[in-house]
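Work through the exercises below with the sequence and the model open. Each task is followed by a solution in steps.

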Amino acid sequence: MPGSTGNSERSTKRKRVSSEKRSSKRARSESSEEDAQAQILLLENEILESRKNYNNIATLIKILQTDDEGADQSIFTAVSLCRVFTRLMAMGDMSRDKKTSEKDVVVVQWLTERYSEYKTTLLLLLEEDVTSSALTLCMRLMKSEGEHFRRGQDYIFPAVFLSDILQKLLKPECDESVRRGFSEMYVEEYDDVRYYTFDAIEKIIKNGQMKSTEIFDQAIQILTATESVPESKEELEDFYIPAPKKKAHALFSLTQHKIRAQGAWLALMNMEMSKKQRKSVLTAMTKSIAPWFMKPEFLMDFLTDSYNAGGSTSLLALSGVFYLIQEKNLDYPSFYRKLYSLLDSEILYSKHRSRFFRLLDIFLASTHLPAVLVASFLKRLSRLSLNATPAGVVAVVPWIYNLLKKHPSCTFMIHRETKGAGAKEILENEGMDDPFNAHEQDPMETNAIDSCLWEIVMLQSHYHPNVATLAKIISEQFTKHAYNLEDFLDHSYGSMLEAELSKDVKKIPVVEYEIPKKIFMKQDATTTGVEDSLLVTLWDFS
């Protein structure tokens, strides 16, 4: 029977050596390193040969904890111990039943304590430079536990061990690449790992085991690892641990999977979060969050609060709110009124401009929308384009063209004519007031339907030739079915300047037909005959 180890009750925190020891360690010869590895392999083989050598396990754990030989040696020792414990599990030496003798019960208990000590040390490696290898070993041990620790049950998943692993991965100091590897290789690939990961994250958050400010971003990365949500229970067929034989098990229920995912996401969304973190949740809403929810009303408060927040947060909440309206029949009567309020002076300067126009194109696509409502959006964006950048105008004009094609009842906004000689005379002499009320918040009450898109005519005289040319499509016949909006959304000052510079100039433009001898001073009219420039007449530079 194995004897007790002197450090069994001590903390398993790994010891670090001083810099002097590390420098001397690097100076050791390769032969000494090979001797150390050979000694570890010898201890491992002795363990597997006879139960009398089980004390070697404590020796290997002590080597792993001291960390005298560096990262490579630590991993070599950890791998050796992993082979030992997986072999012992497979042989049944770490399990007991009613027929197990008292002597064997003591041995099993001692091995269980050493195994627990090894796992604790292995989890500490997840915080060091060997995180990737340590994660692989942890997952291998978890698989062995699920296969050999069933204790007469049909199925058992080491949920506690997985929770311990997740608590390490959720720490900010954990390597992001390792966390991404865990998400891609295990959470995305295996249905059972994903199921218990959702469950573990929900419990970690609700129990307050870790501070919300520390784990939010890491939890988002793991929870969004699933690229596609299973649509039927037939898709639940990939299991890391051999699947249970009973088909009534929760792992074969799509409803149970969605309940676990819904619980994890709700726990996360109830945490305190910064504006940036809220945006990260909203970005993943339609693809990674909403499809998991069996009761979409649980998302209503979060989305409507985000939508009412205004600014870029509202822009990101748009897709989530519309998803619930379209797919889950969410009742949100003021949706278009709030959407109209987002059309402010900053929208065409926002970095989310492209995303907004894509969504706006979807929201206003229905032919059942009132012409009064559509006219308000047309007029509002036309007015905003007067103060927009060239890149912003380039996105607005094709969008207006497409919307007019979808809603022909609004086309008279570009063909409104003044009838009657008296009305025409008043228009020429006194002009007219635009009936459009730009300060009205309700798009059904702006009177935009009684106005016209004179702003587009103004854009036809824009200083940028490309913008002026594009704006003229509104004054021409609408022979084109629709413009591909994607061709216009991602323009910027840089892309438009690059397009101009890459053009082949057929004729060199004339910059100045008369080259002045003086720019900031008055000309000598008696000798040159050149008049002073407007700049000189306005300012005195002498």
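**Exercise 1. Overall form**

What share of the contacts in the chain with a separation of 6 or more comes from residues 24 or more positions apart? Then describe the secondary structure and the dimensions of this predicted model.

Solution.
- Step 1. Residues 24 or more positions apart supply 73% of the contacts in the chain with a separation of 6 or more.
- Step 2. The secondary structure consists of 26 helices and zero strands.
- Step 3. For 542 residues, a compact globule would have a radius of gyration near 24 Å, but this chain has 36 Å.
- Step 4. Along the principal axes, the C-alpha trace spans about 115 × 65 × 40 Å.
- Step 5. Of the 542 residues, 45% count as buried. The accessible surface comes to about 30000 Å², and 50% of that belongs to carbon and sulfur atoms.

**Exercise 2. Confidence**

Find where in the chain confidence is lowest and where it is highest.

Solution.
- Step 1. The average pLDDT of the chain is 84, and 90% of the residues score at least 70.
- Step 2. Helix α1 (residues 19-26) has the lowest confidence, with a mean of 46, while α18 has the highest, at 94.
- Step 3. The pLDDT is below 50 over residues 3-13, a stretch with 18 contacts in the model beyond near neighbours in sequence.
- Step 4. Residues 15-29 also stay under 50. For them the model has 15 contacts beyond four places in sequence.
- Step 5. Where pLDDT is low, predicted coordinates should not be read in detail.

**Exercise 3. The nonpolar core**

Which residues have the most contacts inside the largest nonpolar core?

Solution.
- Step 1. The largest nonpolar core has 151 residues, and those with the most contacts inside it are Ile57, Phe85, Tyr118, Phe182, Leu318, Leu339 and Trp399.
- Step 2. Helix α19 (residues 390-406) gives the largest share of this core, 11 residues.
- Step 3. Take Phe85: leaving out residues up to four places away in sequence, Phe85 touches Ile57, Met94, Leu111, Arg114, Tyr115, Tyr118 and Leu141.
- Step 4. In helix α17 (residues 353-363), the buried residues are Arg353, Ser354, Phe356, Phe357, Leu359, Leu360 and Phe363. These pack against α15 (311-327), α16 (335-341), α18, α19 and α23 (486-489).

**Exercise 4. Three residues compared**

Classify Ser382, Lys287 and Asn447 as buried, partly exposed or exposed, and describe the setting of each.

Solution.
- Step 1. Ser382 lies in helix α18 (residues 371-384). Ser382 is buried because its relative accessible area is 0%, and the cut-off for buried is under 20%.
- Step 2. The Ser382 side chain reaches the backbone oxygen of Leu378 at 2.7 Å. Not counting residues up to four places away in sequence, Ser382 touches Ile400, Leu453, Glu455 and Ile456.
- Step 3. Lys287 is in helix α13 (residues 285-289). Lys287 counts as exposed because its relative accessibility is 54%, and the cut-off for exposed is over 50%.
- Step 4. Leu223 is 64 residues from Lys287 along the chain, and their C-alpha atoms are separated by 12 Å.
- Step 5. Asn447 sits in the loop between α20 (421-430) and α21 (454-459). With a relative accessible area of 39%, Asn447 is partly exposed.
- Step 6. The phi of Asn447 is near 65°, a positive value in a residue other than glycine. Most residues other than glycine have a negative phi.

Technical notes:
Residues numbered from 1 in each chain as written. Predicted model: local features only at pLDDT ≥ 70, side-chain atom pairs only at ≥ 80, totals over all residues. Heavy atoms only, no water. Helix = DSSP H or I, 4+ residues; strand = E, 2+ residues; numbered from the N terminus. Buried < 20%, exposed > 50% of the residue type's maximum accessible area, 1.4 Å probe, protein only. Polar contact = N/O pair within 3.5 Å; in protein donor to acceptor, adjacent residues only side chain to side chain. Contact = heavy atoms within 4.5 Å. Core = buried A, V, L, I, M, F, W, Y, C linked by side-chain atoms within 4.5 Å. Rg over C-alpha atoms; globule rule 2.2 N^0.38 Å. Areas by Shrake-Rupley, 256 points an atom, 1.4 Å probe, with all protein chains shown as cover. pLDDT = per-residue confidence, 0-100.
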